[in-house]
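Got the viewer open? Let's walk through this one stop at a time, selecting as we go.

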Amino acid sequence: MYSRHFSLREAPFSITPDSAFFYPHEGAQAALNMLLVALRSGEGFLKIVGEVGCGKTVLCRQLLNTLQGECVTAYIPNPDMGPDDLLMALTHELSVDVAPPLNRHTVLNALRGCLLKHAETGRPVVVCIDEAQAIPLRTVESLRLLSNLETEKRKLLQIVLLGQPELDEKLSRPEIRQLLQRITFSEYLGPMMAQRVPAYLAHRMATAALSNATDTKVFEADAAQAIARFSGGVPRLINVLAHKCLMLAYGENEHRVNVRHVRLAAAETPGVLAAVPWWSRWKRVGRSKGAGDTKASARQVQDHHSGGSL
Ligand SMILES: Nc1ncnc2c1ncn2[C@@H]1O[C@H](COP(=O)(O)OP(=O)(O)OP(=O)(O)O)[C@@H](O)[C@H]1O
Ligand SMILES: [Mg+2]
């Protein structure tokens, strides 16, 4: 709706994890490097744990794009399934035909055959399992079976788990600690640093730009800082706020986003309040009566900020 107004080809702050918009801030680049180096050196089991909305899925997509041509890849977006279903999902992703009867033994054999064939042609097979915190405990056994697929010299299947912090809690459970021991490399993906937010905003605007003539410095410096503060550097929250700001500016026929737009956007965005500075939180805790007060609390923060630095 505001695309024409800002000379954009597409929405710059969609919350779908589109790797075309990938921005390599320090944390994301470190995680990507770790994955690439570890996978290229044949490591079998890797893990990325990150806070909600911090970019695990987009990182995974970027990884899969980077590995294209180099590896055979499979992506399991939601492993909340039974142990045999997970194995079947993998056969499906790798286009493996399993001759009946369909049971764990035949499925694993078929998978092993396929993995050996790829190993002979020198193409490692990498499976990325997103939302790994949702893997039921009983399904973890299938992961163990998969990680056992190896020759005497190397793993036949390299597994990357990506999940929210509950994944670590799950992996520390005594009954599956064995799996934890197999994870050789892991990285934490947190929010981006506040000073990267202006460049992140400009990067997404430039990626969505209609042409080189598009103005990508739409966010004023202190507006970008305010977005960094309200979002706590969490990319999904940055996107939500930035999108609302563009709508507000468009509604006023403005071509610049200013701090007032950010404050208005933040007041209407659940989830940003936890990220405001401590003095605003103190004020909120002092007056809040419960979850239903979110909007009212946001207004208090807004009022509080109107004379302040945000
Ligand atoms: N490094 C990045 N570069 C560009 N965009 C990013 C980056 N990290 C996150 N985003 C954007 O932020 C939004 C949330 O990212 P994503 O869905 O990957 O988070 P997530 O960690 O997988 O969230 P969840 O925990 O809910 O699964 C998406 O729109 C995504 O494109
Ligand atoms: Mg995700």
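Start with ligand 1 and select the shell around it: its residues divide into 11 nonpolar, 8 polar and 6 charged. Keep in mind that what you're looking at is a predicted model.

Now trim the selection. Of the 25 residues around ligand 1, the ones that come nearest are Tyr23, Lys56, Thr57, Gln164 and Arg204. Show those as sticks, and keep Gln164 on screen for the next stop.

Next, turn to polar atoms. Gln164 puts a polar side-chain atom 2.8 Å from an oxygen atom of ligand 1. Add Glu131, where an N or O atom of the side chain is 3.4 Å from an oxygen atom of the ligand. Then pick Tyr200: here a polar side-chain atom lies 3.3 Å from a nitrogen atom of ligand 1. Switch on a surface, too, since on its own ligand 1 has 630 Å² of accessible area, and the protein covers 96% of it.

Zoom out a little. Where does ligand 1 sit? In the largest pocket. Color helix H2 (56–67), helix H8 (197–208) and helix H10 (235–251), the elements that each give two or more residues to the shell around the ligand. Then color by domain: domain 1 (26–189) and domain 2 (192–306) each supply at least three residues to that shell.

Last stop, away from the ligand theme: select the loop between helix H3 (83–93) and helix H4 (104–120), where you'll find Pro101. Pro100 and Pro101 are joined by a cis peptide bond, with omega about 0 degrees. Ser95 is also in the loop between H3 and H4, and its phi is positive, near 55 degrees, in a residue other than glycine. For context, most peptide bonds are trans, and most residues other than glycine have a negative phi.

Methods: Residues numbered from 1 in each chain as written. Chains lettered and ligands numbered in written order. Predicted model: local features only at pLDDT ≥ 70, side-chain atom pairs only at ≥ 80, totals over all residues. Heavy atoms only, no water. Near = heavy atom within 4 Å. Polar contact = N/O pair within 3.5 Å; in protein donor to acceptor, adjacent residues only side chain to side chain. Areas by Shrake-Rupley, 256 points an atom, 1.4 Å probe, with all protein chains shown as cover. 1 Å grid on protein atoms, 1.4 Å probe; cavity = no way out; pocket = protein on both sides within 12 Å on 5 of 7 lines; lining within 4 Å. Sits in = over half its atoms within 2 Å of the grid points. Helix = DSSP H or I, 4+ residues; strand = E, 2+ residues; numbered from the N terminus. Nonpolar A, V, L, I, M, F, W, Y, C, P; charged D, E, K, R; others polar. Domains from an automatic or database assignment.
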